[in-house]
Amino acid sequence: MDVTALIDAVSRTKSQADELTRQEALNRLSDALTEFTASTQNQRFAAEYRPSGNYTRLLLNSPQDAYQVVLVFWGPGQGSPIHDHDNTIGVVSALTGATKEIKYIVTRHEGERVKLIEDSEFTIAPGRITPILPEDGKQLHLMVNEEAHWSATVHVYLNAIHRYRHYTPTPSGAFRTAETQLWFDEWDVGRQMPKCAHT
């Protein structure tokens, strides 16, 4: 599956979302992303791409779309803080490398702070899908590339994310939440990717 077909599949799922159960929408996104990340041409594009920094976030579709397909490059040792996804559903997989994901559950709210516990750990690699769902345990995560080489992950969000929250640890053991704006180093990058890719 090439990038145009992936974006079309996400767009179709978005347009039919009101008629689908959440699980049906998630299954469609998972199937499309699995096929996309299994493509050797897409994997080669990611392996040969030269990111602008140690962490680079590229929007593959148009910023005007109501959904997002995002390609993220992680340098060795690079990771994200714990963050949420503004209650969208989505899926994440990888084109290259192995990126560790740790999911968290909110156990208590203390004003602007929350208590978190680790819920699960998963290795995101080509052909492996991790879901993003609104409920606790599926929404909050961090990601980190613990390998000595670059990794590249693909994130599909059925609803475009514009603002989301970081969770920063405090000396008390609670986490302070801070809203931040989602940014991209480049957008419409799908135009640069190979078309008619074959697995």
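**Contacts around T37 and the aromatic pairs**

T37 has its place in helix α2, which covers residues 22-38. In this predicted model, T37 is about as hidden as a residue gets on paper: its relative accessible area is 0%, so it counts as buried. The T37 side chain reaches back to the backbone oxygen of T34, at 3.3 Å. Setting aside residues up to four places away in sequence, T37 touches Q43, S93, A94, L95, P126, G127 and V154.

One of those partners, P126, is worth a look from its own side. P126 sits in the loop between β6 (113-124) and β7 (130-132). With a relative accessible area of 36%, P126 is partly exposed, whereas T37 is buried. Neighbours within four places in sequence aside, P126 is in contact with T37, Q43, S93, A94, L95, T96 and G97. The C-alpha atoms of P126 and F36 are separated by 9.5 Å, with their positions 90 residues apart along the chain.

Turning to the rings, the count comes to 4 aromatic pairs. In one of them, Y49 and F73 have ring centres 5.0 Å apart and planes at 15 degrees; the angle is under 30 degrees, so this pair is stacked. Y49 lies in the loop between α3 (40-48) and β1 (55-59), while F73 belongs to strand β2 (residues 68-74), so the pair ties together parts that are 24 residues apart in sequence. Both partners are tucked away: Y49 is buried at a relative accessible area of 12%, and F73 is likewise buried at 2%. Y55 and W183 make another aromatic pair, this one edge-to-face, with 6.0 Å from centre to centre and 80 degrees between the planes. Here the link is between distant parts of the chain, 128 residues apart: Y55 is in strand β1 and W183 in the segment after β11 (175-181). Y55 has a relative accessible area of 22%, just past the 20% limit for buried, so Y55 counts as partly exposed. W183 is also partly exposed, at 38% relative accessibility.

Two further details round out the aromatic picture. Ring pairs join F45, Y49 and F73 into a cluster, which brings F45 in alongside the stacked pair of Y49 and F73. W183, for its part, has a charged visitor besides its ring partner Y55: the charged end of R57 sits over the W183 ring, 4.5 Å from the ring centre.

Methods: Residues numbered from 1 in each chain as written. Predicted model: local features only at pLDDT ≥ 70, side-chain atom pairs only at ≥ 80, totals over all residues. Heavy atoms only, no water. Phe/Tyr/Trp six-rings, centres within 6.5 Å; stacked < 30°, edge-to-face > 60°. Helix = DSSP H or I, 4+ residues; strand = E, 2+ residues; numbered from the N terminus. Buried < 20%, exposed > 50% of the residue type's maximum accessible area, 1.4 Å probe, protein only. Lys NZ or Arg CZ within 6 Å of the ring centre and 35° of its normal. Polar contact = N/O pair within 3.5 Å; in protein donor to acceptor, adjacent residues only side chain to side chain. Contact = heavy atoms within 4.5 Å.
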